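Hello,

I am passing a structure on to you, and I hope you enjoy looking through it. Please open it first, and then read my notes below.

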Amino acid sequence: MSTPSAAPADHRFEVWAPRPERVRLWLDGAVHPMRADAGGWWRTTVPAPGSARYGYLLDDDETVLPDPRSPRQPDGVHAPSALIPQVAPPRWAGRELPGALVYELHIGTFTPEGTFDAAVERLPYLVEMGVGFVQVMPVNAFNGTHGWGYDGVGWYAVHEPYGGPSGLERFVAAAHRSGLGVLLDVVHNHLGPSGNYLGRFGPYETDGATPWGRTINLDGAGSAEVRRFILDDMAWWLRRYGVDGLRLDAVHALVDRSGRHLLQDAADLTAELSAELGRPLALVAESDLNDPRLVTAADRGGYGLTAQWNDDMHHAVHTFVSGERQGYYADFGSPECLATVLTEGFFHAGTFSSFRGRVHGARIDPALVAPSQLLAYTCTHDQVGNRARGDRPAEYLSPGRLAIKAALVLFSAFTPMLFMGEEWGARTPFRFFTSHPEPELARATVEGRTAEFAEHGWPPGEVPDPQDPGTFAASHLDWTERERPENARLLRTYRALIALRADPALADDDLRSVSTDHPGEASWFAVHRGDLTLIVNVSAAPVTAPFGGVAVLEWAASSAQGDATIVPGESFVVLRRAA
């Protein structure tokens, strides 16, 4: 005899919709009236099964629109929303971000399957390598089957092809069981072009524009609820899914002229949640501003974020090692530039940027900002994927030069970050890929990408079509590459450099503890931290650097010559100097 199922429990539905004059709840085919308060919030409480599909009807339009705060879009971003169980993630003690190794990955291309569950199978590899945090590119709901994730429109929902909400729950739980923290990339500076219905509900956007869409209303009429929408979204990922921090995309595109910047509210919220949950939580800004205030403590006049990406470090290392000078690399490449970044944090710090045609950035006060508050990297999804062909450094740099780039980042005082596959010199590209179902949007994306790179001299035929499924397929990591001798050697070197970061000589979290030497041209370069010295040789011929000591790690065999060391071409050595 079957047991009768439990009756649906009462569920409170609410939505902020100050623009329409009437809002109705659509619930599994039935329509229910809603009542509004003076602030534009419409509410009703009705019985609903745990798997109910629901949405809203605005005014006399019978089109069911998804919930702006939808937790799940099982049938895509244009379809009704779905309820999900309100589970609490397993408790764990958490871990601190500063100084830990961060590993950026894209769920859809990290494994052949492109799912959270498949990514879980690779977590032991990351743990063995010494990773502390996985940073996951955006997983909020967007239209289409695959993409980078920065065109999201369902900010509270999880992209279904990756495994949906339950897949993310399993991924975070598995990471925590392995001792890994999880940072989630979130986008609050614009909305994607397909499935964005927020403007029907309220003034979420302005007439201003970012490079990717209209600006979000952070300081105009109705902005208090828009700000609440964003802050509640941050809390949703941190509390509901148990992630350990958020990477905030392009915060320079958050236009906020109010007396208190949204990022300050975000930092306060995160501190409150950290106390509530009893574990560290982090906010990491991607910023084009070179503004130390982002990571300066609130009581010292800053916004109080945990850390920020440092593109100046990428540019300084990449240009010094590769010789590239195009576009925004124009001001970088000299040993002096690299020395400035390693010892001061930013290169453009109230100095003239020829790419921007103006003075840019501000100087870091080492008494207020620690180097571990800056993330350093040789690759990111942007720095690879925004090249015309999405080619990785392994395609145009020798293994020795790849090792040099790794050594400069991992020996630095900054918090290091790797981009998936970098550690073995992956040659699979990471290209810009999309899957817009709408023909006109697909065509505009292809034409825009082609025109963008045509301005830099790239023939149209050499720019991969982002809508071509082959562009997406080619961007998947090839894990068998690790078995090749040259890739295995680079991977061993990465692991050794990561292990070296535990040396007491590298423990000082102060820019003033780092010093550099170089001969004035791009041949060798030395970085000193404690009693360790890193010497890199970017020239093809051996060089003699005026530093002696015992080699503790090297790419190719160096040799002592009195108080000097001979470093082979395109190689590095880490010396422990005598007391």
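Here is what I found, starting with the annotated site. Please keep in mind that this is a predicted model.

The UniProt record, an unreviewed entry, gives the feature "active site" at Asp 249 and Glu 286. The two span 38 residues in sequence, yet their C-alpha atoms are no more than 5.3 Å apart, so they gather at one spot.

Asp 249 sits in the loop that runs between strand E15 (245-248) and helix H7 (262-277). With a relative accessible area of 9%, Asp 249 is buried. Setting aside residues up to four places away in sequence, Asp 249 touches Tyr 150, Asp 185, Val 186, Val 187, Asn 189 and Glu 286.

Glu 286 belongs to the loop between strand E16 (282-285) and strand E17 (307-309). Glu 286 is buried too, with a relative accessible area of 11%. Beyond its neighbours within four places in sequence, the contacts of Glu 286 include Arg 247, Asp 249, His 252, Trp 309 and Asp 382.

One other residue may interest you: Asp 67, found in the loop between strand E6 (53-58) and strand E7 (81-82). Is Asp 67 buried or exposed? Asp 67 is buried, at a relative accessible area of 10%. Not counting neighbours within four places in sequence, Asp 67 is in contact with Val 15, Tyr 54, Tyr 56 and Ser 81. With Tyr 54 there is also a polar contact, side chain to side chain, at 2.7 Å.

Happy exploring, and best wishes

Terms used: Residues are numbered from 1 along each chain as its sequence is written. This is a predicted model: local features need pLDDT of at least 70, side-chain atom pairs count only at pLDDT 80 or more; totals for chains, interfaces and linings use all residues. Side-chain values use heavy atoms; hydrogens and water are left out. UniProt positions are given in the numbering used here, feature names are shortened, and annotations may be inferred rather than shown by experiment. Helices (H or I, at least four residues) and strands (E, at least two) are DSSP runs, numbered from the N terminus. Buried means under 20% relative accessible area, exposed over 50%, partly exposed in between (1.4 Å probe, protein chains only). Contact means heavy atoms within 4.5 Å. A polar contact is a pair of N or O atoms within 3.5 Å; within protein, one must be able to donate a hydrogen and the other to accept it, and residues adjacent in sequence count only if both atoms are side-chain atoms.
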